[in-house]
Amino acid sequence: MSPHIEIDLISDTSTRPSAGMLAAMTSAETGDEQRYEDPTTRALEARVAELLGMEAAVFLPSGTMCNQIAFLVHCRPGDEIITAANAHVFGSEGAGAAALAGAQFRTIETADGIFDADAFEAALRAPRHRSPRSRVVSAEQTTNRGGGAIWPAHTLTALAERAAAHGLAAHIDGARLLNAATEEGVAPASYTTGFASVWIDLSKGLGCPVGAVLAGSRGFIEEAWFWKHRLGGALRQSGFLAAAGLYALRHNLERLAEDHDNARLFARLVAGCPGVQVFPEQVRTNILFLDVTGTGRDASELSRALMAKGVRLGVESPTRMRVVTHLDAPRAAVRRAAEAFLSVVAPAG
Ligand SMILES: *Cc1c(COP(=O)(O)O)cnc(C)c1O
């Protein structure tokens with residue numbers, strides 16, 4: 001973060017480890033992770049597997065690697081992955097599924113990133129020799145470009161059931177699955193029934209500097225380990241990082257609700273601003289978008305004016321900005337950011 005940014009709402013990745021987290025990291029028990037000798041990493045994997053209701057889990061450097069390894073395990077070259085058109089796996093991972101697994105996407109248009117079992121079924125290929133083989137359906141909890149929307153557990157369960165009926169594996173990109181669970185007050189595992197793979201990011205709302213954990217059946221995780229090595233994701237004393245994850249699951253989980261309240265506060269404060277549309281109408285978690293078309297101003301220009309006031313928002317397109325709340329942006333800071341936005345868009349007098 002450059003020094004003149006005082007309030008950074010570009011992403012929930014823009015956090016620094018707290019003093020408590022750093023203390024947990026420096027006192028971690030460690031060993032060689034590649035040799036299964038790092039007890040803290042093993043403990044984190046067991047904790048996440050339990051949390052997500054899966055048999056086993058593996059620690060990885062990033063969420064992107066979790067998605068890519070899941071596709072590498074599930075797919076053979078030429079297979080097809082069905083997902084929302086605004087999904088991170090489709091648009092924000094360097095075409096990894098195509099480049100690494102040799103898989104292609106078939107996408108479903110949605111506003112909020114959520115589709116039901118019928119929409120999924122309509123996107124399936126007829127099982128002909130000339131068709132791509134539909135192999136995986138991927139859901140994103142919460143939806144990032146969909147404005148932090150939450151897939152209801154029953155929608156996910158129905159999707160996984162329908163996928164199984166057609167012989168597809170179901171996968172959850174759970175970068176912010178814990179935001180959903182906290183907001184709904186449900187067990188994280190309630191979302192994963194019938195899913196072959198699911199992961200959570202430690203470096204988003206949980207406030208860790210690095211890390212993600214991919215979970216699935218014992219057999220799936222065994223296969224995932226081959227790819228972890230092959231892609232260079234097998235680590236050494238990763239316990240220092242895993243300790244941050246364990247600390248975050250203990251201390252930073254319930255407080256995600258504050259991020260959601262703060263995102264709703266931002267939405268409320270800018271709601272009446274002329275020329276600005278807030279998406280979604282009902283902010284559920286920690287992400288919202290501002291459509292600035294009606295201001296007649298370019299989002300990058302607004303962003304520069306905001307930066308001059310020490311506030312950074314995301315610029316998604318010339319007409320769309322993104323706001324993401326997190327643990328390093330307390331309520332007063334979010335309020336100040338919204339006020340700065342208002343002063344830039346509609347200067348008084
Ligand atoms: C951030 C994100 C990812 C990728 O995670 P990294 O840890 O940044 O690699 C994947 N999916 C979604 C929905 C995300 O928001």
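Tutor: Helices here are DSSP runs of H or I with at least four residues, strands are runs of E with at least two, and both kinds are numbered from the N terminus. With that in hand, A196 can be placed in the loop between α8 (177-184) and β7. Residue numbers start at 1 along each chain as its sequence is written. This is a predicted model, with pLDDT of at least 70 needed for local features and 80 or more for side-chain atom pairs, while totals for chains, interfaces and linings use all residues, and side-chain values use heavy atoms, leaving out hydrogens and water.

Student: OK, so is A196 buried or exposed?

Tutor: In between! A196 has a relative accessible area of 26%, so that makes it partly exposed (buried is under 20%, exposed is over 50%, with a 1.4 Å probe and protein chains only).

Student: Which residues is A196 in contact with?

Tutor: Skip the neighbours within four places in sequence, and A196 is in contact (heavy atoms within 4.5 Å) with M54, H74, A169, A170, A215, G216, S217 and F220. R255 sits 59 residues away along the chain, and its C-alpha atom is 29 Å from that of A196.

Student: Back to the helix before that loop. Which residues of α8 are buried?

Tutor: L177, L178, N179, A180 and A181.

Student: And what covers them?

Tutor: The cover over the buried part of α8 includes helices α2, α10 (239-251) and α11 (256-270), plus strands β6 (169-174) and β7. Also look just past the end of α8, where G185 has a positive phi of about 65°.

Student: Which residues do that without being glycine?

Tutor: Y36 is one, with a positive phi of about 60°. Y36 is in the loop between α1 (19-26) and α2 (39-52), and is partly exposed at 48% relative accessibility. A95 is another, with phi about 55°. You'll find A95 in the loop between α4 (88-91) and α5 (96-101), partly exposed at 45%.

Student: New topic: the ligand. Which residues come nearest?

Tutor: There are 14 residues around the ligand (a residue counts if one of its heavy atoms lies within 4 Å), and T64, D173, R176, D201 and K204 come nearest.

Student: How far is a polar side-chain atom of T64 from the ligand?

Tutor: That T64 atom is 2.7 Å from an oxygen atom of the ligand. D201 has a side-chain N or O atom 2.7 Å from a ligand oxygen, and D173 has one 2.5 Å from a ligand nitrogen.

Student: How much of the ligand does the protein bury?

Tutor: 87% of the 380 Å² that the ligand exposes when taken alone. Those areas come from the Shrake-Rupley method with a 1.4 Å probe, and for residues only the protein chains shown count as cover.

Student: Which elements give two or more residues to the shell around the ligand?

Tutor: α3 (63-74) and β7 (197-201). The largest share, 3 residues, comes from α3.

Student: What classes of residue make up that shell?

Tutor: 2 nonpolar, 6 polar and 6 charged. Nonpolar means Ala, Val, Leu, Ile, Met, Phe, Trp, Tyr, Cys and Pro, charged means Asp, Glu, Lys and Arg, and the others, including Gly, are polar.

Student: What about R322, is it buried or exposed?

Tutor: Buried, because R322 has a relative accessibility of 8%. R322 lies in strand β13 (residues 320-324), and the side chains of R322 and N144 make a polar contact of 2.8 Å.

Student: What's a polar contact?

Tutor: A pair of N or O atoms within 3.5 Å; within protein, one must be able to donate a hydrogen and the other to accept it, and residues adjacent in sequence count only if both atoms are side-chain atoms. Beyond four places in sequence, R322 touches N144 and several others, including L9, R145, F289 and E316.

Student: How many disulfides are there?

Tutor: A search of the whole structure gives 0 (a disulfide needs two cysteine sulfur atoms within 2.5 Å). For C208, the nearest cysteine sulfur belongs to C66 and is 13 Å away. C208 is buried at 2%, and C273 is buried at 6%.

Student: Last one: where are cis peptide bonds?

Tutor: Q141 and T142 are joined by one, with omega about -10°, and F279 and P280 by another, with omega about -5°. T142 is in the loop between β5 (133-140) and α7 (153-165), while P280 is in the loop between β9 (277-279) and β10 (287-291).
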